[in-house]
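User: Please take me through this one in short answers. Start with how its elements are defined.

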Amino acid sequence: MKNFRFYNILIGWITFLIAAIVYMLTIEPTASFWDCGEFIASAYKLEVGHPPGAPFFMILGRFFTLFSGSPENAAKMVNMLSALSSAFTILFLFWTITHFVRKIVIKNDEYSVGNIITILGSGLVGALAYTFSDTFWFSAAEAEVYATSSLFTAVVFWAILKWENEADQKYANRWIILIAYLIGLSIGVHLLNLLAIPAIVFVYYFKKYPVSKKGVFYALLISGVLLGGIMYVIIPWVVRIGSWFDLLFVNGFGLPYNSGVLFYIVVLITLIVWGIKYTQRKGKVIYNTIILGITVIMIGYSSYAMIVIRAAADTPMDQNNPDNVFDLLYYLNREQYGDRPLFYGHTFDAPMVENKQTKPVYIKKDGKYVIADYKIEVEYDSRFTTLFPRMYSADRSHVNEYKKWVDLSGKEISINTGRGNVEKRIKPSFADNLAFFFRYQIGHMYWRYFMWNFSGRQNDIQGHGNVMKGNWLSGISYIDDARLGPQDQVPEHLKNNPARNEYYMLPFILGIIGLLFHYKKHKYDFTIVLMLFILTGLAIVVYLNQYPLQPRERDYAYAGSFYAFSIWLGLGVAGLIHGLSKKVPRTASAIIVTLLTLVLVPGIMASENWDDHDRSGRYTARDLAYNYLNSCKEHAILFTNGDNDTFPLWYAQEVEGIRTDIKVCNLSYLRAAWYIDQMARKSYESDPLPFSLTHDKYHKGNRDVLPIYDRVGQPVNVRDVVDFIGSDDPKTKMSSPFVANETINYIPTKQFKLKIDPGVIINNGIVGEYYRERIVDEMQWTFNQNYLYKDGLMLLDMLATNNWERPIYWASTVSSSKYFNLQKYFKVDGLTHQLVPVLSESERYYDGEVDSDVMFDNVMNKFRWGGIDKNDIYFDENNIRMFSNLRSSFGRLAEKLIKENKKDSAIMVLDRCMKLFPDEKIPYNNTLLPVISAYYHAEANEMANNLVQQLVNKVTLELDFMFSLHPKFTTGTKDMTKEKQLNLYILQELYKITTDNKQDELARNIEAKFMQYMQLYSS
């Protein structure tokens, strides 16, 4: 027994060491895309990130950054937190597997060599397989909360197994208290950890009570109560009750904000202390344990005090500004993201019956809490409601996808919309919703991810159903051919995608063997792991209720489920040893199976996954943020819109101090009053945004949506429009189309103008000398929408107030819908579009006019390239998309230089582009077209022809494959129309380009191919 314990600890730590080394070698050295830049910035300066926050992760991240030595290394240290958290997760997974295997293998305390190798070999193979699994490795290499959340899940599950070993001892309940404390802490990281609670309850039940149907029912009931109690009682209601006290103390007693909360905290602590002492004095062990458990959960949960404290400090990043209990409750409930039906509700085509005002929304005003608005609950036509609504989003793109995943033909019903109008609406049935649930939400958004991890992955291109993007793969031809078409005909450039990983289903098969072996040998333990597997997998699928066309892959949400399957994967080794030992001696069986499975499962997974999980040397997000910021003049205002053009910039400014004179303003957030307040404050060297509207004009519930009516019929000065909107005169208001018996402000024109003083423009350096003669006397534009949201209102206010004292830019990645129809006054400087009082010279397909002097200096001298110019590193789809857009920008710049008779400079730009973005790193696609065209116009025909031929070859290979597929691989959810159209478009454009540039033979070849494919496409 002592020898086993020694080796169990030793091999466990060796497993940890392997995982830690792997993850630390492959972490990204700086911020990654998506939320990572925001998390690093919030950790580095303890700022307030997006709801519902991750305060304990912030604290851990801040601790790690203390060892960074310099701001440039802070991101790497927070990434290191994820790497080490993941390595510790592997350690506890190893010990969890060995615990389960030991209970099966060891009889009569017989720790033979064969048994010890069986136990340790199972743990080693299972833990290392999870180490090298796709999803978990990805999370281990970046500063996201999922690695740390996985660690909490692993530790609490291991802790209940430790309790199981000591359950008959006097102080065994210390493990229960530890679990409760860890659960409380995990709330400050991510709520996924709570899903381990039912499995924990069943470990306790199976150990303490004789098993019966009634007992299982009560165990399920108790686990549901505990899970629901923490999620829906402790987390929201502790704060909600605090809000009642604060409302009473502030509004009733006239005391300062948060005074009621402090009194409430004192009362709560007093009651808890009294409860602990009373139950201890009376010998009520169970009640004492319950109160202690709730107490330590509350202690862990108290990390959220950090959010309130830092919000009160008005940090530069202060999302939702939760500096009081009402805003904290809004923050915790993630109310800015809206709601979705789960078990009963409307379907996507349901007519809206009424907007009902429900709970009041309080804001701080003049030392009191006042009601600024009411939460709106939409009531839908009851004929279009159903149990388990899975198809609920009314977004037209989502509706189109619903129709691909489920046959909704013949589901229309006629309804009377009033005044004799009749229209047809689609009414999906309960069965239709179930079909979407199984096909899309489970099949595409869970099973696909599961098989990525235990069978193989086609590529890292996000897929929405077709057979060429993002599917799971096995490497076994007859399986893959039946699902995805003949794989031997897949074009080589697609086969060579580094993320094409084939495990030949060996991890999956080994896991299934382990599942069956576990069920046969220890049904109770099997049930425990099964509950963990289901609740961290399928239960999340039900809860998330995801709509189609998600902006990114969501496999990270199911890491806990893959963790549970890895337990079975480890048990599969024990199962194989058990089977082989009937023919071969136990020790020999254990050695043979352990070595074989070690090579064939984690060995293959490590070999296949290394190249597309190694992020060392990749600086894309940080460097692109640097490029965005350095495309702007001093003290500029830079509008962004999405995660990937905002969070890296926040990181660059908050952590590395890059261009802190620029005010980065996210237009998506600018609809919120708290964010406008944030933008109206000075941060670092950046002055407040120039708003004339005061807080009382734009607070929550005030001027959120403004109807637009073109009543004037001619352009109106922006200043006059803003003054009209900001007026509280009843004459400037109209009856609300949204809420009965209310009046709201509106905009009386769709045509705007802004007077220009050329002297101010020149003196403030808004445009260079080249553009001075083209400055217009008046900017005019039309906004053809029927409503303007608060972000548009604040933009109008900025235009009216700024007086060109600060340059205004849009990031190039911002959707044109956020240009507010100002793009004819855009000047392109690199990765930004500057608003200037100069009418741009129109360019085909593009907005704005390139400033060749500024942009040439940027791309040739100033910009950084994320390591692509220095290292042989892998770029995933997200990075490729960013660089592809840049390749197109190089082509635009070259065309402008050619137009200015600077052909040598144009060729320098194009050559630089091709050196930075070769096909093997950033695959050629339609963004190569401007580069090819520019090469021709620069009279570099040989280079242009070479690129044309490469692109034609690539496109024809893809079209040949797509048109060779059986219709069952190209219709319905597997529809490939867009992919075919894109490739045909590329051929068409190449034909036009080669024809225009007198490359007749090349053009004829392209035309012949194009007509051939068009015939196939038409038929």
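Analyst: Helices (H or I, at least four residues) and strands (E, at least two) are DSSP runs, numbered from the N terminus. This is a predicted model: local features need pLDDT of at least 70 and side-chain atom pairs count only at pLDDT 80 or more, while totals for chains, interfaces and linings use all residues. Residues are numbered from 1 along each chain as its sequence is written, and side-chain values use heavy atoms, without hydrogens and water.

User: Lys495 and Glu492 sit in helix α18. About how many helical turns separate the two residues?

Analyst: Lys495 forms a salt bridge with Glu492 (a side-chain nitrogen of Lys or Arg within 4 Å of a carboxyl oxygen of Asp or Glu). The closest N and O atoms are 3.8 Å apart. An α-helix has 3.6 residues a turn, so residues three or four places apart point the same way. Because they are 3 residues apart in α18, Lys495 and Glu492 are separated by about one helical turn.

User: Arg719 and Asp723 also meet in a salt bridge. What is the relative accessibility of Asp723?

Analyst: The N to O distance of this bridge is 3.4 Å. Arg719 and Asp723 are 4 residues apart in helix α28 (residues 718-726), about one helical turn. Arg719 is partly exposed at 24% (buried is under 20% relative accessible area, exposed over 50%, partly exposed in between; 1.4 Å probe, protein chains only). Asp723 also counts as partly exposed, at a relative accessibility of 44%.

User: Glu841 and Arg774 form a salt bridge too. How many residues apart in sequence are the parts that this pair ties together?

Analyst: The side chains of Glu841 and Arg774 meet at 3.9 Å, N to O. Glu841 lies in the loop between β20 and β21, and Arg774 in the loop between α29 (758-763) and β16 (778-782). The pair therefore ties together parts whose separation in sequence is 67 residues.

User: Which residues are linked with Arg774 and Glu841 in a network of salt bridges?

Analyst: The structure holds 47 salt bridges. Side chains of opposite charge can pair when their charged atoms come close. The network links Arg774 and Glu841 with Glu849, Asp853, Lys896, Lys899, Glu900 and Lys902.

User: How many of the 10 residues of helix α24 are buried?

Analyst: Helix α24 covers residues 620-629. Its buried residues include Arg622, Asp623, Tyr626 and Tyr628. The helix is largely enclosed by the rest of the structure, because the buried count is 10 of 10.

User: Which strands are the edges of the open sheet of 6 strands?

Analyst: The order is β10-β9-β18-β20-β19-β21, with mixed pairing (two strands pair if DSSP finds at least two bridges between them). Within the sheet, β18 (residues 808-811) and β20 (residues 832-835) pair in the antiparallel sense over 3 bridges. Tyr809 stands opposite Gln834 in β20. The strands that pair on one side only are β10 (663-666) and β21 (849-850).

User: What is the angle between the planes of Phe875 and Phe883?

Analyst: The structure holds 84 aromatic pairs (Phe, Tyr and Trp rings, the six-membered ring for Trp, with centres within 6.5 Å; planes under 30 degrees apart are stacked, over 60 edge-to-face, the rest tilted). Phe875 and Phe883 form an edge-to-face pair, 5.4 Å centre to centre. Both are buried. Their planes are at 90°.

User: Where does Arg483 lie relative to Trp472?

Analyst: A charge sits over a ring if NZ of Lys or CZ of Arg is within 6 Å of the ring centre and within 35 degrees of the ring normal. Arg615 lies over the face of Phe138, at 4.2 Å from the ring centre. Arg483 lies at 3.6 Å from the ring centre, over the face of Trp472.

User: What is the phi of Phe388?

Analyst: Most residues other than glycine have a negative phi, and most peptide bonds are trans. Phe388 lies in the loop between β4 (385-387) and α15 (396-405), and counts as buried at 14% relative accessibility. Phe388 is not a glycine, yet its phi is positive, at about 50°.

User: Which residue does a cis peptide bond join to Pro51?

Analyst: The omega of this bond is about 0°. The partner lies in the loop between α2 (36-44) and α3 (55-65). The residue joined to Pro51 is Pro52.
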